[in-house]
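Q: Got a minute to go through this one with me? I'd like to get a feel for how the helices sit against each other.

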Amino acid sequence: MPSLERSLAHGAPGMTPAADTLSDLLTRRFSCRAYLPDPVPRETIATMLSLSQNAASWCNSQPWHIHVTQGAATERLRKAMFDRATADVKGGAMSAQSDLPFPEQYTGVYKERQREVGWQLYEAVGVAYGDRAASARQMLENFRLFGAPHALVITTEKNIGTYGVLDCGSYLGTLLLAAQSLGIGMIPQAAFANYCPLLREFFDIPANRDIVCGASFGFPDMEHPANAFRSRRAAPEDAITWAEN
Ligand SMILES: Cc1cc2nc3c(=O)[nH]c(=O)nc-3n(C[C@H](O)[C@H](O)[C@H](O)COP(=O)(O)O)c2cc1C
């Protein structure tokens, strides 16, 4: 199955100046896995979250709630998650306590894509094939928040169920673009959901809320090799079936 380098759509039929701007945001965004230590000003974070609040949701229910860290809270969260994950790695297993079920498995083309992006990352940061210690160290970067000065957690109202999770996905997509438009790097992290009880206690999240996803964010360290590769995309034709008659 062919996969595409992501390319700007400038000049494609039907493009408008607004679509050009959107194309820039979409194609320049990437999951940022190394950050500068400088915090993002609180007003800029507030602007990012205010933009994201425009996301669409079923019945306009807006079931998302966002917990955001800065300063000492980020350092406390980094330490709590990193210590826990490091102990799990040493013990030979993650304790994986997620509010939402993780995918049972990726098969076929989905498995291929998962592998491809994994190898792109390993190649970029110099993890050799079969080097388990180095791949564990890279995996643990998730819990070091990739060095980011901020983290966030998105929760949904439990009794809205699957569609509440979908609405949070709509929010997450909007948030990633809002961040990009402000020069903020971000990475969504399902990895956080391994430690839902820890996060629930840390942020005092009530029992009626499910933790959907985490993210780390800040200003990207563009010199870091982890930020030097870009994931590919399948050709649009592979994801589209036209119904014409
Ligand atoms: C819901 C969601 C959860 C993700 N969880 C993780 C994660 O735990 N760790 C990680 O390194 N990347 C995570 N990612 C980032 C994906 O690997 C990334 O989006 C994908 O490879 C495409 O690359 P791009 O974001 O650079 O375009 C997640 C992305 C999404 C949308």
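Here is a chat about some helix pairs, one helix by itself and an aromatic pair.

Q: Before we start, what kind of model is this?
A: It's a predicted model.

Q: OK. At what angle do α3 and α7 pack?
A: About 155°, with the axes 11 Å apart. Here α3 covers residues 72–91 and α7 covers residues 196–203.

Q: And what do you call that arrangement of α3 and α7?
A: Roughly antiparallel, because angles over 145 degrees get that label. The crossing of the two, α3 and α7, is right-handed.

Q: Which residues of α3 and α7 meet?
A: From α3 you have A73, R76, L77, A80, M81 and R84, and they meet L198, L199, F202 and F203 of α7. Sorted by type, the α3–α7 contact has 8 nonpolar residues, no polar ones and 2 charged.

Q: Sticking with α3, how does α5 cross it?
A: The axes of α3 and α5 (residues 132–140) come within 10 Å and cross at roughly 155°. That makes α3 and α5 roughly antiparallel too, by the angle between them. Their crossing is right-handed.

Q: Which residues meet between α3 and α5?
A: On the α3 side, F82, A85, T86 and V89; on the α5 side, A136, M139 and L140. That contact of α3 with α5 divides into 6 nonpolar, 1 polar and no charged residues.

Q: Switching over: what about α2 and α6, how do their axes cross?
A: At roughly 140°, and the axes come within 8 Å. Helix α2 is residues 42–52 and helix α6 is residues 162–181.

Q: Why is the α2 and α6 pair called oblique?
A: Because roughly 140° falls short of the cut-off, which is over 145 degrees for roughly antiparallel, α2 and α6 count as oblique. α2 passes α6 in a right-handed crossing.

Q: Which residues do α2 and α6 bring to that contact?
A: α2 brings M48, L49, L51 and S52, and α6 brings Y171, T174, L175, A178, A179 and S181. In the contact of α2 with α6, 7 residues are nonpolar, 3 are polar and no residue is charged.

Q: New topic. How far does α4 reach?
A: Helix α4 (residues 108–125) has 18 residues and spans 26 Å from first C-alpha to last, close to the 26 Å expected at 1.5 Å a residue.

Q: What comes just after α4?
A: G126, with a positive phi of about 80°.

Q: How many aromatic pairs are there?
A: The count comes to 6 aromatic pairs. For W119 and Y122, the ring centres are 5.4 Å apart and the planes sit at 85°, so the pair is edge-to-face.

Q: Where do W119 and Y122 lie?
A: Both are in α4, 3 residues apart, which is about one turn of the helix.

Key:
Residues are numbered from 1 along each chain as its sequence is written. This is a predicted model: local features need pLDDT of at least 70, side-chain atom pairs count only at pLDDT 80 or more; totals for chains, interfaces and linings use all residues. Side-chain values use heavy atoms; hydrogens and water are left out. Axes are lines fitted to C-alpha atoms, for helices over the stretch in contact, and angles run from 0 to 180 degrees between N-to-C directions. Helices (H or I, at least four residues) and strands (E, at least two) are DSSP runs, numbered from the N terminus. Angles under 35 degrees count as roughly parallel, over 145 as roughly antiparallel, 65 to 115 as roughly perpendicular and the rest as oblique. A crossing is left-handed if the near helix is turned anticlockwise from the far one by less than a right angle, and right-handed if clockwise. Contact means heavy atoms within 4.5 Å. Ala, Val, Leu, Ile, Met, Phe, Trp, Tyr, Cys and Pro count as nonpolar, Asp, Glu, Lys and Arg as charged, and the others, Gly among them, as polar. The expected span of a helix is 1.5 Å times one less than its number of residues. Rings of Phe, Tyr and Trp (its six-membered ring) pair if their centres lie within 6.5 Å; planes under 30 degrees apart count as stacked, over 60 as edge-to-face and the rest as tilted.
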